[in-house]
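Welcome! Please take a look at the protein and its ligand shown here, and then read the short briefing below.

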Amino acid sequence: MGNQMRLDRFLADAGLGTRTEVKKYIRQGRIKIGEEIVNRPDLKTDGQDVFFDGNPVSASPEHLYYLLNKPAGWVSATEDTREKTVLDLLPPHPRRNLFPVGRLDKDTEGLLLITDDGALAHALLAPGRHVDKVYEALVRGKLGEESVRAFENGMDIGDDKPTLPAKLELIEDRIENGVPYVLVRITLHEGRYHQVKRMIKACGGEVVRLRRLSMGNLTLPDGLLPGQWLKMTADTLFFLANSNKQG
Ligand code: URA
């Protein structure tokens, strides 16, 4: 608190309505600060003791956090002239610079954190932080113990350096129309362009479906369907992140 801003801006930021709507509420005498009805939209306020129809108005939080289950078909960008972006799945937030923390390919589903908290994004993405990312992939082809070892040892996928040690878990083999598939879980400690797809390809398979299950201690909540999101506060994000800690 302490930051002073125009009353109409404060009310709009708090989610009461558009700037025009909140100016109307002010004119109608529905806004009080303490006991006093206020009638100037340009009055400066620090947000203390503001009431709308007698109900306290809470300041908009400093940062917004959305945990999205990204559906396939949407790009992880803030703007794209042709494609639907993940931000189009959220309610509009004028004046908030929301962005996805890291990228998932257009055809990848799963956990994506969207925020305007640059410090948090840096903490999760900075090289050397090694935040674990867990993916589930459906792979066309056969993978065996030699692929598990290749993931463990690091492999050449055409970059300057081999991949860092990663984990491949073989979950289930399937045959569909005579074609072999394998469901796998993969844990990476880095994030390179198309990394899962390229590592699987280097093992002779092809990813046909990819879903991110977790990032660091943040896990995709059960029951959150593709396209659905959870709006979180810094506190709930911290709680969710820490309640998922393993071991
Ligand atoms: N690896 C990929 O190949 N694609 C993603 O979207 C994420 C990781």
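This briefing covers the domains, the ligand site and two loop residues.

This is a predicted model, in which local features need pLDDT of at least 70, side-chain atom pairs count only at pLDDT 80 or more, and totals for chains, interfaces and linings use all residues. Residues are numbered from 1 along each chain as its sequence is written, and side-chain values use heavy atoms, with hydrogens and water left out.

**Domains**
- The protein chain is assigned domain 1 (5-56), domain 2 (65-127 + 218-241) and domain 3 (132-215), with bounds from an automatic or database domain assignment.
- Between the C-alpha centres of domain 1 and domain 3 there are 54 Å.
- The ligand lies between domain 2 and domain 3, because both give residues to the shell around it.

**Around the ligand**
- Leu104, Asp105, Thr108, Tyr135, His194, Gln195, Val196, Lys197 and Leu210 surround the ligand (near means a heavy atom within 4 Å).
- Sorted by class, this shell holds 4 nonpolar, 3 polar and 2 charged residues (Ala, Val, Leu, Ile, Met, Phe, Trp, Tyr, Cys and Pro count as nonpolar, Asp, Glu, Lys and Arg as charged, and the others, Gly among them, as polar).
- Helix α5 (residues 195-202) supplies the largest share of the shell, 3 residues (helices are DSSP runs of H or I with at least four residues, strands are E runs of at least two, and both are numbered from the N terminus).

**Contacts and cover**
- Asp105 has a polar side-chain atom 2.7 Å from a nitrogen atom of the ligand.
- A backbone N or O atom of Val196 is 3.1 Å from a ligand nitrogen atom, and one of Gln195 is 3.4 Å from a ligand oxygen atom (a polar contact is a pair of N or O atoms within 3.5 Å).
- On its own the ligand has 240 Å² of accessible area, and the protein covers 95% of this (by the Shrake-Rupley method with a 1.4 Å probe).

**Two loop residues**
- Asp49, in the loop between β4 (44-45) and β5 (50-52), has a positive phi near 60 degrees, though it is not glycine.
- Asp53, in the loop between β5 and β6 (55-56), is not a glycine either, and has a positive phi of about 50 degrees.

Notes
Polar contact = N/O pair within 3.5 Å; in protein donor to acceptor, adjacent residues only side chain to side chain.
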